[in-house]
Amino acid sequence: MSTKPVGATPPTPSLPSLTERRKAATQLDIARAAAELFTERGPDGTTAEEIAQRSGVALRTFYRYFRSKQDAVAPLLSGGADRWRALLAATEPGAGVPEALERSIAASLTPASAADAEGLRWTRGLLRAAAEDPALRAVWYRVNQESEERLREVVAGLAGPDADPLEVRLAAAAATDAIRIALESWAETDAPERGDGAPAALAVRCLRELMGGMRLLRDPSAG
């Protein structure tokens with residue numbers, strides 16, 4: 001039985017410490033350096049030493065954070081998923097799951113700044129490189145799997161306590177796959193970051209196709 005007082009406000013998550021922020025910044029610098037080199041030379045033509053040198057860290061620092069050169073790009077690939085889950089978690093109470101997923105997906109994949117557009121271009125380059133590199137593909141799939149697992153709790157909160165756990169899991173999988181497939185499809189083209197053929201439009205289309213047979217993701221207005 002919970003001992004939390006009725007009506008108590010959940011504790012506010014603590015902000016990252018200065019050390020944690022510096023660590024995250026260093027990881028992102030290494031990830032960007034790896035992405036640049038992979039785009040220029042491909043993973044096979046890039047070494048961990050070269051990534052460390054370009055990012056301005058010692059090789060031992062590189063291996064403190066990452067197991068392999070391909071693993072170094074994980075922070076870039078997972079950053080978008082982190083922002084998306086945060087948007088979804090901030091959805092107003094009472095919003096339908098389909099609408100909340102569509103809105104958060106569209107918002108997270110529509111670049112609001114030059115930095116956002118650059119992030120999508122980095123993703124495109126990495127996905128193109130992954131087509132010829134099994135280890136890089138494995139990092140991409142791992143990032144998506146981890147995102148799906150974290151998404152379940154967010155979807156469960158939106159769906160409410162009476163939601164079927166299996167449907168919650170299916171919804172998280174469908175939403176994650178919608179974004180994954182959209183980004184992979186977009187990376188195969190030269191479509192822009194916004195508009196028709198862009199990641200946001202493709203992901204919403206994928207989600208609607210995937211959610212058609214799922215009760216939790218069915219639009220109640222459709223009858």
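Gly160 comes directly after helix α7 and has a positive phi, near 95 degrees. This is a residue of a predicted model, and the helix that Gly160 follows is described next.

**Helix α7**

Helix α7 covers residues 134-159. At its N-terminal end, Asp133 acts as a cap, with a side-chain oxygen 3.2 Å from the backbone nitrogen of Ala135. The 26 residues of α7 should span 38 Å at 1.5 Å a residue, and the end C-alpha atoms are 36 Å apart, which agrees. The helix bends by about 30 degrees at Leu151.

Leu151 is also one of the buried residues of α7, together with Leu136, Val139, Trp140, Val143, Asn144, Ser147, Glu148, Val154 and Val155. The cover over these buried residues includes α1, α4, α6 and α8.

**Overall make-up**

The protein has 9 helices and 0 strands, and its elements run α-α-α-α-α-α-α-α-α from the N terminus on. Of its 223 residues, 41% are buried. Among contacts with a separation of 6 or more, 68% join residues 24 or more positions apart.

**The nonpolar core**

In soluble globular proteins, nonpolar side chains tend to be buried together. Here the largest nonpolar core has 55 residues, and Ile51, Phe62, Val73 and Leu151 have the most contacts inside it. At least two residues of this core come from each of α1 (18-41), α2 (48-55), α4 (74-89), α5, α6, α7, α8 and α9. The largest contribution is that of α8, with 10 residues.

Leu151 thus appears twice: at the bend of α7 and among the residues with the most contacts inside the core. Val73 touches Ala31, Ala34, Ala35, Phe38, Leu126, Leu136 and Val139, not counting residues up to four places away in sequence. Two of these partners, Leu136 and Val139, are among the buried residues of α7.

**Helix α9**

Helix α9 takes in residues 199-211; its 13 residues should span 18 Å at 1.5 Å a residue, and its end C-alpha atoms are 18 Å apart, which agrees. Its buried residues are Pro199, Ala200, Ala203, Val204, Cys206, Leu207 and Met211. Seen down the axis of α9, these residues fall within an arc of 160 degrees, so they line one face of the helix. The face turned away from the buried side carries the exposed residues Arg205, Arg208 and Glu209. The buried residues of α9 pack against α5 (97-109), α6 (114-130) and α8 (165-187).

Ala178, in helix α8, gives one detail of this packing. Leaving aside its neighbours within four places in sequence, Ala178 is in contact with Ala203, Cys206, Leu207 and Leu210. The C-alpha atoms of Ala178 and Leu207 are separated by 5.1 Å, although the two residues are 29 residues apart along the chain.

**Selected buried residues**

A residue is counted as buried when its relative accessible area is under 20%. The table gives the values for four such residues.

| Residue | Place | Relative accessible area |
|---|---|---|
| Ala178 | helix α8 | 0% |
| Gln70 | loop between α3 and α4 | 10% |
| Glu193 | loop between α8 and α9 | 15% |
| Gly125 | helix α6 | 18% |

Gln70 lies in the loop between α3 (59-65) and α4. Its contacts, leaving aside neighbours within four places in sequence, are Phe38, Pro43, Asp133, Ala135, Leu136 and Val139. Of these, Asp133 is the residue that caps the N-terminal end of α7, through the backbone nitrogen of Ala135.

Glu193 lies in the loop between α8 and α9. With neighbours within four places in sequence left aside, Glu193 is in contact with Leu109, Pro111, Ala117, Leu120, Arg121, Arg124, Trp186, Ala198 and Pro199. One of these partners, Pro199, is among the buried residues of α9.

Gly125 belongs to helix α6. Gly125 and Thr39 are 86 residues apart in sequence, and their C-alpha atoms are 5.9 Å apart in space.

Conventions:
Residues are numbered from 1 along each chain as its sequence is written. This is a predicted model: local features need pLDDT of at least 70, side-chain atom pairs count only at pLDDT 80 or more; totals for chains, interfaces and linings use all residues. Side-chain values use heavy atoms; hydrogens and water are left out. Helices (H or I, at least four residues) and strands (E, at least two) are DSSP runs, numbered from the N terminus. The expected span of a helix is 1.5 Å times one less than its number of residues. Buried means under 20% relative accessible area, exposed over 50%, partly exposed in between (1.4 Å probe, protein chains only). The arc is that of the directions from the helix axis to the C-beta atoms. Contact means heavy atoms within 4.5 Å. A nonpolar core is a set of buried Ala, Val, Leu, Ile, Met, Phe, Trp, Tyr and Cys residues joined through side-chain atoms within 4.5 Å. The bend at a residue is the angle between axes fitted to the seven residues ending there and the seven starting there. A polar contact is a pair of N or O atoms within 3.5 Å; within protein, one must be able to donate a hydrogen and the other to accept it, and residues adjacent in sequence count only if both atoms are side-chain atoms.
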